[in-house]
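Subject: The structure, and what turned up in it

Hi,

Here is the structure I promised to pass on to you. Have a look at it first, and then read on for what I found.

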Amino acid sequence: MTTQNLNLGRTVVEILGQHKVSGAEVDSSARYPPPRCHPGTRKALRARITAWLNEPCGSNILWLYGPAGVGKSAVAQTVAEHSRGTGCLGAAFFFSRPNKRNNPNGVLPTLAYQLAIQYPDYKHIIAQYLVDDPSILDKDLRTQFRELIITPFAILESQISPITQRPLLIILDGLDECDGEDAQCDFVHLIGEYARTTGGTPLLWMICSRPEPYLKNVFSRTKNEIRHKREEITPDDHEARNDIITFLRDGFEEIRERYSDVICVPPDESWPPRVHLQAIARASSGLFIFASTLLKFIGGSEGDDPETQLNVCITFLDKSREMSINPLHPLDLLYLQILLTIPTNTLPTTMRIMSMCLFYRQHHQLSAQELCYFLHLDQSTFYSSLRRLHSVMDVPPAPYANKHSLQFYHASFGDFLRDERRSGSFYAREDKTHSDVAIHCLRWLKDVIKSECGLAG
C-alpha cells in the first residue's frame with residue numbers, strides 16, 4: 001500500500017469516527033456486559049438463524065420480533081458474536097433510546113466505520129468519496145445508503161473481492177428505538193429495495209424490533225414486497241419457559257458459589273428451595289428480563305446477603321403484603337419508557353382500554369371489537385390509542401377484532417399498572433374503571449330502551 005493510500009485510509013477512518021455513534025457496536029465497553037443468550041437456551045431459534053445464515057434461499061433479510069423484554073437483544077448479541085467468530089459479521093448497530101444511541105443519521109456512518117476497520121478493500125473504495133466530499137455523511141439516509149453501501153459493494157462484487165466471497169451479516173438491533181417512525185421505516189425500505197434489486201447481494205440483514213404496527217405494515221406490504229424471513233419470540237412458548245428454568249438454576253448456582261461464606265446451606269441441599277425456584281419461574285412466565293432482574297437483585301446487591309434478598313423477592317411476588325422495596329424497578333423503567341411514548345391526547349382513551357383489560361379479563365373477556373363498541377369508540381380511535389402498546393400487549397389486527405381479545409404479554413405489566421407507587425401517573429384506578437363501566441352500561445341500557453320504545457311505537 002502506498003503512503004498516499006495509507007493516509008487516505010487513516011483519513012476516512014477519522015471522518016467516519018467523527019460521525020459514528022459511540023457505544024452501538026457489538027463489543028463496545030458502553031454495553032458491557034451485553035445481554036447474550038445463556039448457554040443451553042434458545043437452541044431451536046439460534047439453529048434456525050444459523051441455517052438462514054448458511055442458506056438464505058433468496059431471503060437476505062431476517063426480521064426477529066417480539067414484545068419488550070423477551071430477549072431479542074440477547075439473541076442479536078449471541079448471533080453477532082458467533083458470526084464474528086466465523087468471519088461473516090460485517091457490522092452491527094445496537095439502538096438504545098435511554099442511552100442516546102438512537103440518532104438515525106449516525107447509523108450508516110457507524111456501520112461504515114466497522115466495515116472500513118475490518119476490510120481494506122471497502123475502505124479503499126469509500127476513502128476517495130469521503131475525502132472529496134465529507135458532506136456525504138450529513139446527507140439524507142437514501143444518499144448515505146447509496147454512497148456507503150450500494151456503490152461500494154457493487155464495485156467489490158465486480159472486482160470479485162474476497163469481501164464478497166461469502167455473505168456478510170449486518171445487524172440492526174432495537175430498530176423500534178431509533179428516533180422517529182419514518183426513519184425506522186426508511187431503513188426497512190432501503191434495505192428491502194437493495195436486497196430486491198441486487199439479487200445475489202453479499203449482505204445479509206438481521207433486523208430486531210418490537211412488533212410495532214408501522215413496522216408490521218412495512219414488512220407485510222404487497223407492493224414492492226420485501227422478501228424476508230420472520231422469527232417471532234413470545235414469552236409463552238414452550239422453549240422459553242424451559243429456558244427460564246435453565247437460566248434461573250444456573251444463575252442461582254453462580255450466586256451460591258459467589259456467596260458460599262454467606263449462604264449457609266449444606267452442600268447436599270438445593271438453594272434456593274425448590275418451591276422458591278418454581279415461584280420465580282412461574283412469575284417469570286417466559287420473560288427473560290423478569291428473571292434476569294430478580295437474579296441481579298438477589299445476587300448483586302451490596303450490604304444485603306442473597307438469602308435476605310431472596311426472601312424480599314418471594315414476599316414481593318406473594319402480593320399479599322405491602323413492600324417498601326421493589327426488586328423489579330429496572331423492569332418498571334422499561335414499562336415507563338414505553339408508556340411515556342403515548343401521545344397526551346390519546347392517553348385517557350388508552351388508559352380506559354388498558355384498565356378494562358386489567359380488571360375485567362377474568363369476568364368476561366370481550367373481543368377487541370366488542371370492547372371497542374362497549375366503550376363507544378370508532379375503530380380508528382380504538383386502534384390509534386393502542387398504537388404504542390404493541391410491545392406489551394397482543395393487539396389483534398382489525399380483520400380479526402371480532403374473534404380475538406386484547407391480552408397483556410406478561411402479567412408483570414398488569415401488576416405494574418395496579419400499583420400506584422410503581423406506575424405513578426399511569427396508575428390504573430379500579431374504582432374509576434368500575435364507575436366507567438357502570439356509566440357505559442347505563443348508556444347501553446338507555447339505547448336499548450329507546451330502540452324498544454321506537455319499535456313499540
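Let me start with the whole chain: of its 457 residues, 51% are buried. Please keep in mind that this is a predicted model. The fold combines 19 helices with 7 strands, and the C-alpha trace spans about 90 × 75 × 35 Å along its principal axes. If you take the contacts between residues at least 6 apart in sequence, 75% of them join residues at least 24 apart.

The open space comes next. The largest pocket has a volume of about 1,800 Å³. Several elements give two or more residues to its lining: helix H3 (72–86), strand S4 (203–209), H9, H11 and helix H13 (329–339). Which of them gives the most? That is H11, with 8 residues. In total 48 residues line this pocket, and the ones nearest its centre are Pro 34, Pro 35, Ile 289, Ser 292 and Lys 296. By character, the lining of the largest pocket divides into 21 nonpolar, 15 polar and 12 charged residues.

There is enclosed space as well, with 3 cavities of 30 Å³ or more in the structure. I looked at the second largest cavity, which holds about 60 Å³. Its lining is made up of Pro 67, Ala 68, Pro 235, Leu 287, Tyr 335, Ser 391, Val 392, Tyr 409, His 410 and Phe 413. Of these lining residues, 8 are nonpolar and 2 are polar, with no charged residue among them.

Helix H12 (residues 306–318) is the element I followed from end to end. Does its length come out above, below or in line with what 1.5 Å a residue should give? The 13 residues should span 18 Å, and the end C-alpha atoms are 18 Å apart, so the two agree. At the N-terminal end, Asp 305 acts as a cap, with a side-chain oxygen 3.0 Å from the backbone nitrogen of Glu 307. At the other end, H12 is followed by Lys 319, which has a positive phi near 65 degrees.

Many side chains are worth a click here: the buried residues of H12 are Pro 306, Gln 309, Leu 310, Val 312, Cys 313, Ile 314, Thr 315, Phe 316 and Leu 317. What do they pack against? Their partners are helix H9 (238–258), helix H10 (274–284), helix H11 (288–300) and helix H18 (420–423). Two of these names will be familiar from the largest pocket, where H9 and H11 both contribute to the lining.

Finally, two single residues. Thr 349 sits in helix H14 (residues 347–360). Is Thr 349 buried or exposed? Its relative accessible area is 15%, under the 20% limit, so Thr 349 counts as buried. Leaving aside residues up to four places away in sequence, Thr 349 touches Leu 377 and Ser 385.

Lys 100 belongs to the loop between strand S2 (89–94) and helix H4 (107–118). With a relative accessible area of 66%, which is over 50%, Lys 100 is classed as exposed. From Lys 100 to Asp 179 the C-alpha to C-alpha distance is 9.4 Å, although 79 residues separate the two in sequence.

Happy browsing, and all the best!

Definitions and conventions:
Residues are numbered from 1 along each chain as its sequence is written. This is a predicted model: local features need pLDDT of at least 70, side-chain atom pairs count only at pLDDT 80 or more; totals for chains, interfaces and linings use all residues. Side-chain values use heavy atoms; hydrogens and water are left out. Helices (H or I, at least four residues) and strands (E, at least two) are DSSP runs, numbered from the N terminus. Buried means under 20% relative accessible area, exposed over 50%, partly exposed in between (1.4 Å probe, protein chains only). The expected span of a helix is 1.5 Å times one less than its number of residues. Contact means heavy atoms within 4.5 Å. A polar contact is a pair of N or O atoms within 3.5 Å; within protein, one must be able to donate a hydrogen and the other to accept it, and residues adjacent in sequence count only if both atoms are side-chain atoms. On a 1 Å grid over the protein atoms alone, a cavity is a set of points where a 1.4 Å probe fits but cannot get out, and a pocket is an open set with protein on both sides within 12 Å along at least five of seven lines; lining residues have an atom within 4 Å of a point. Grid points are joined across faces, edges and corners, and a volume is the space filled by probe spheres set on the points. Ala, Val, Leu, Ile, Met, Phe, Trp, Tyr, Cys and Pro count as nonpolar, Asp, Glu, Lys and Arg as charged, and the others, Gly among them, as polar.
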